[in-house]
Amino acid sequence: MKNWYSQLLTKQLGMKKFQSYIDLLNYGNKDLSGDAGKNNGLTHAWLGSSLKISAEEQITFLKQLVNHEWKLSSSAYSNTKDILQRGTLNDNWKLYGKTGSFTPIGWFVGWIEKDGKIYLFAYLKRDEKQGEDPIGRAENRVKDATVKLTEFLQK
């Protein structure tokens with residue numbers, strides 16, 4: 001996993017600043033305590049630990065992101081959108097998304113966008129078999145579904 005960069009950033013922010021961003025964004029349960037008794041919330045809260053978010057909360061979060069509802073700079077929004085761009089689907093629909101996983105759970109959340117129309121999604125995949133790649137399977141299933149949706153929207 002490539003969590004080292006996120007962990008480096010949160011260490012640089014410090015717990016107080018990190019918590020202030022989680023609170024500002026109203027992200028999930030906002031619990032940055034980490035694993036019980038390990039004092040690792042700053043670097044591990046989001047890694048299958050204390051910070052939890054539901055699919056409905058993911059959609060609310062994405063809606064606030066695409067509508068620029070937080071007091072953040074325009075460059076913060078545009079840089080985030082650039083980072084999240086995953087490619088172009090049928091008929092020039094743009095796909096934006098972010099994966100996340102903690103075995104056996106894989107998330108792929110994001111949106112498709114074209115001509116001012118935006119459709120948000122949050123997909124959670126739980127794999128029962130050890131060694132399966134829930135994150136890759138989640139992203140592939142969502143890509144397949146969004147391609148079908150864009151085909152439907154073209155009609």
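**Reading strand 3 and its surroundings**

Mentor: Strand 3 (residues 105-114) is largely enclosed by the rest of the structure, because 9 of its 10 residues are buried. Buried denotes under 20% relative accessible area, exposed over 50%, and partly exposed in between (1.4 Å probe, protein chains only). Strands (E, at least two residues) and helices (H or I, at least four) are DSSP runs numbered from the N terminus. The model is predicted: local features need pLDDT of at least 70 and side-chain atom pairs count only at pLDDT 80 or more, while totals for chains, interfaces and linings use all residues. Residues are numbered from 1 along each chain as its sequence is written, and side-chain values use heavy atoms, with hydrogens and water left out.

Trainee: Which strands does strand 3 pair with, and how many bridges join them?

Mentor: Strands of a sheet pair through backbone hydrogen bonds, in either a parallel or an antiparallel manner. Here two strands pair if DSSP finds at least two bridges between them. Strand 2 (residues 94-102) runs antiparallel to strand 3 and is joined to it by 9 bridges; among the partners, Tyr 96 is matched with Trp 111 and Phe 102 with Ile 105. Strand 4 (residues 117-126) is likewise antiparallel to strand 3, with 10 bridges between them, and Gly 106 stands opposite Lys 125 of strand 4.

Trainee: What phi does Asp 115 take in the hairpin of strand 3 and strand 4?

Mentor: That hairpin has 2 residues between the strands, and Asp 115 takes a positive phi near 50°.

Trainee: What is the order of the strands in the sheet?

Mentor: The sheet is open, has 4 strands in the order 1-2-3-4, and its pairing is antiparallel. Strand 1 (85-88) and strand 4 are the edge strands, each pairing on one side only. Direction ignored, neighbouring strands are turned by 20° against each other on average. Axes are lines fitted to C-alpha atoms, for helices over the stretch in contact, and angles run from 0 to 180 degrees between N-to-C directions.

Trainee: Which helix lies across strand 3 and strand 4?

Mentor: Helix 4 (residues 55-66) does, running at about 150° to strand 4. Contact means heavy atoms within 4.5 Å.

Trainee: Is Gln 64 of helix 4 buried or exposed?

Mentor: Gln 64 is buried, with a relative accessible area of 18%. Neighbours within four places in sequence aside, Gln 64 is in contact with Leu 25, Glu 69 and Trp 70.
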